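Trainee: I'd like to go through this one with you and ask where the labels come from. Can we pull it up?

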Amino acid sequence: MLTELAVENLGVIERLNLVLGPGMTALTGETGAGKTLVVTAVDLLLGGRADSSLVRFGADEAVVEGRFDHQGEEVVLRRVVPAEGRARAYVDGRLASAATLAELGAELVDLHGQHEHQSLLRRVHQRAALDRYGDVDLAPLMEARAALADLNRRRAELGGDERSRAREIELCRFQLAELDKAGLEDPDEDESLKAEEAVLADATASRDAARQAAMSLGADGAVGAGLAQMAAALESRPPLESQHERLVNLVAEVADLSTELRRAAESIDENPARLADVRQRRELLVDLRRKYGETVAEVMEFHRDLSDRLAELEDFDRLAKDLDGELDRRTAAVTETGGAVGKARRQAAQALGKEVTANLRELAMPRAEVQVEVGDDPGDDVDILLSANSGAPGLSLTSAASGGELARVMLALRLVVSAGPPVLVFDEVDAGIGGQVAQTVGRSLSRLTADHQVLVVTHLPQVAACADFQVSIVKHDDGASATVTAEPLDGEDRVIELSRMLSGSPDSESARHHATELLEMSRG
């Protein structure tokens with residue numbers, strides 16, 4: 001629901017604020033007061049064309065803001081049209097493109113009049129409206145199409161034409177031969193090889209270091225001999241008995257360590273050939289990871305997948321035959337369900353056309369006829385055609401109707417197909433009508449409030465009287481400049497405005513009596 005509309009410096013409107021409620025609101029006022037500019041403001045919020053000529057003379061920019069209650073959440077749309085430069089759009093205070101504004105606005109508002117933002121002018125919405133009207137069950141067709149699409153995907157993944165398949169088989173065999181030759185078995189092989197390479201590369205230096213340490217720690221070495229001499233110097237000295245004991249143990253420990261180092265030095269073996277093999281193997285693993293995966297484990301997984309793919313390709317003829325048989329069955333299912341949907345759509349189309357045409361008879365279009373054309377099965381191509389006059393060919397809605405006629409056609413459609421955006425705006429819906437037909441239009445608009453909020457710009461008191469709320473758009477001109485105000489009407493003020501619309505004389509007693517009668521009739 002549109003709860004508030006604020007407009008600044010748009011045409012003759014300097015500042016205008018409308019607080020709107022549910023139900024139907026009629027915007028009335030003298031010709032040229034600026035009623036249609038309110039619709040233009042809504043059009044701008046829906047991403048409509050932003051023309052700098054819309055900016056009020058002397059102002060830098062025009063600003064339009066709309067506050068919506070959408071599915072329990074507040075949404076604020078804003079459009080700024082500068083006198084010079086590009087227009088800007090905002091959604092909830094954040095910059096947005098006009099396309100984004102239009103996409104979101106299409107979920108909120110439908111404009112009916114001389115505007116392009118009428119959802120039912122688009123064939124996709126016409127088809128959806130027909131399906132809702134006819135309660136067409138699309139589930140079997142959607143399921144059949146999804147199954148067919150999945151099968152086509154699997155068929156494409158299986159292999160393309162024979163030449164491309166042969167190329168893929170050759171590549172798979174080449175890659176498998178390379179991976180088979182590598183003989184990968186351990187996902188941690190590279191880490192173990194890295195550790196082994198470190199040992200082999202440093203074998204000579206490690207052996208020499210062990211020998212040198214063993215010599216220093218031995219009985220004839222500097223460290224070993226020095227410790228032995230210190231132990232001897234402390235021997236038989238009671239005050240130093242504990243320190244002597246510790247030195248004796250240290251001499252023994254150093255001797256054992258010297259022996260271990262000597263054995264370790266003897267066990268370290270230089271193996272240039274093994275070192276070369278390790279390095280070569282690591283280079284191979286680097287190359288395989290570059291081609292087939294980040295880690296050895298990923299390369300091994302690729303190897304397994306590649307084997308499966310080659311088996312699939314080599315078994316193509318059998319698999320393709322199975323899939324082709326399934327493809328025929330799935331295609332037949334799509335054809336069958338599509339035929340059922342097409343039949344249902346054609347039946348609904350005939351009934352929808354008759355019902356909308358009957359509504360047009362009551363909306364001062366007695367010679368108009370609406371037809372709903374449905375294309376070949378499954379009937380996805382739906383087009384609502386209007387023949388505005390006797391003998392005239394049926395044309396698409398955008399080509400066949402004037403602004404007022406188009407608004408009435410949309411009203412006739414909405415009376416039959418209630419689904420759509422929550423806010424409906426009608427401009428010029430009462431063009432060229434009056435009397436009893438005007439009352440019918442008013443009552444028809446009021447019927448839409450069961451599912452929508454309705455905003456209508458009208459010159460007819462019969463239509464305005466059917467509204468739940470009425471707002472008078474008044475232009476004030478002091479000779480220097482013109483301003484526009486929006487004045488909510490209630491009670492006697494509304495009777496006065498309806499009197500003005502009826503006779504041009506708001507002070508006329510008979511006009512006021514008629515206005516009161518109109519209001520009572522609409523409420524009854």
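Mentor: Sure, and let's begin with a term: contact means heavy atoms within 4.5 Å. Among contacts in the protein chain between residues at least 6 apart in sequence, 65% join residues at least 24 apart. Two housekeeping points: this is a predicted model, where local features need pLDDT of at least 70, side-chain atom pairs count only at pLDDT 80 or more, and totals for chains, interfaces and linings use all residues. Residues are numbered from 1 along each chain as its sequence is written, and side-chain values use heavy atoms, with hydrogens and water left out.

Trainee: Why is the protein chain called more spread out than a compact globule?

Mentor: The radius of gyration is taken over C-alpha atoms, and the globule rule is 2.2 Å times the number of residues to the power 0.38. For 524 residues the rule gives 24 Å, whereas the protein chain has 44 Å, well over that, so it counts as more spread out than a compact globule. Along the principal axes, its C-alpha atoms fill a box of roughly 140 × 75 × 45 Å.

Trainee: How many of the residues count as buried?

Mentor: Buried means under 20% relative accessible area (1.4 Å probe, protein chains only). In the protein chain, 43% of the 524 residues meet that.

Trainee: What makes something a helix or a strand here?

Mentor: They're DSSP runs numbered from the N terminus: H or I of at least four residues for helices, E of at least two for strands. The protein chain has 18 helices and 15 strands.

Trainee: How do you know that E3 and E13 pair?

Mentor: Two strands pair if DSSP finds at least two bridges between them. Four bridges join E3 (residues 24–28) to E13 (residues 453–457), so they pass that definition. The two strands run parallel, and Thr-25 has Leu-455 of E13 as its bridge partner.

Trainee: Which strands are the edges of the open sheet E8-E12-E13-E3-E14-E15?

Mentor: The edges are E8 (109–112) and E15 (482–489), each pairing on one side only. Pairing in this six-strand sheet is mixed, and the twist averages 20° from one strand to the next.

Trainee: What makes E6 a partner of both E5 and E7?

Mentor: Bridge counts again: four join E5 (residues 73–82) to E6 (residues 88–91), and three join E6 to E7 (residues 94–96). Both pairings are antiparallel. Tyr-90 stands opposite Arg-78 and also opposite Leu-95 in E7.

Terms used
Axes are lines fitted to C-alpha atoms, for helices over the stretch in contact, and angles run from 0 to 180 degrees between N-to-C directions. Buried means under 20% relative accessible area, exposed over 50%, partly exposed in between (1.4 Å probe, protein chains only).
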